[in-house]
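Hi,

Here is the structure I promised to pass on. Have a look at it first, and my notes follow below.

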Amino acid sequence: MDSRKLVLKQTGIIAIGQAVCVAAMVGIFALLGQFDMTVLWGGIVGGVLAVLNFLTMAVGAMIAADKATQQDVKGGQATVRTSMILRLAVIAIVLIAFAKSGLCNVLAMVLPLAFTRPVLLFAEFFGKAGEKKA
């Protein structure tokens, strides 16, 4: 499979998983009696940040892999390092800006960033199970 298509497929899986997890998170906030619009906005902002973070990480890794196949290992390492620093800086700036604005619940904004790994593990587990059956 073409690496671009693979990145888009994985990003789509992350987006769907984020939507499900954010909906569950909002439901839990509601069950606990803590739901308000700041929770919803925080979940949306956090979910979008998580998906964009994954997409930019995957694209950076794809570019680094292309450089490595062209015998430019140091260039690939620099690309990954720069990508990581820029992604973390943008995430921090966005989180701080929305937290200071009072528009978003801080916990609801941060939790979706932690949902990415479980979504990937879940997708990998069921993706491989589906491949074995076929």
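What caught my eye to begin with is a nonpolar surface patch of about 630 Å², made by Phe 35, Met 37, Trp 41, Ile 44, Val 48, Leu 52 and Leu 103. Patches here take residues with over 30% relative accessible area and no salt bridge, joining like charges within 9 Å and nonpolar side chains (Val, Leu, Ile, Met, Phe, Trp, Tyr) within 5 Å. A salt bridge is a side-chain nitrogen of Lys or Arg within 4 Å of a carboxyl oxygen of Asp or Glu, and accessible areas are Shrake-Rupley with a 1.4 Å probe, where for residues only the protein chains shown count as cover.

Before you dig in: this is a predicted model, where local features need pLDDT of at least 70, side-chain atom pairs count only at pLDDT 80 or more, and totals for chains, interfaces and linings use all residues. Residues are numbered from 1 along each chain as its sequence is written, and side-chain values use heavy atoms, with hydrogens and water left out.

From that patch, Ile 44 sits in helix H2 (residues 37–69); helices (H or I, at least four residues) and strands (E, at least two) are DSSP runs numbered from the N terminus. Ile 44 counts as partly exposed because its relative accessibility is 39%, given that buried means under 20%, exposed over 50% and partly exposed in between (1.4 Å probe, protein chains only).

The axes of H2 and helix H3 (residues 73–101) come within 8 Å and cross at roughly 170°, which makes H2 roughly antiparallel to H3. Axes are lines fitted to C-alpha atoms, for helices over the stretch in contact, with angles from 0 to 180 degrees between N-to-C directions; under 35 degrees counts as roughly parallel, over 145 as roughly antiparallel, 65 to 115 as roughly perpendicular and the rest as oblique. Among the residues in contact (heavy atoms within 4.5 Å) are Val 45, Leu 49 and Asn 53 of H2, and Ile 91, Val 94 and Phe 98 of H3.

In the loop between H2 and H3 lies Gln 71. Gln 71 is not a glycine, yet has a positive phi of about 70°. Most residues other than glycine have a negative phi. Gln 71 is also exposed, at 69% relative accessible area.

Thr 11, in helix H1 (residues 3–31), is buried at 10%. Leaving aside residues up to four places away in sequence, Thr 11 touches Val 51, Phe 54 and Leu 55.

Overall, the protein has four helices and zero strands, and 28% of its 134 residues count as buried.

Cheers
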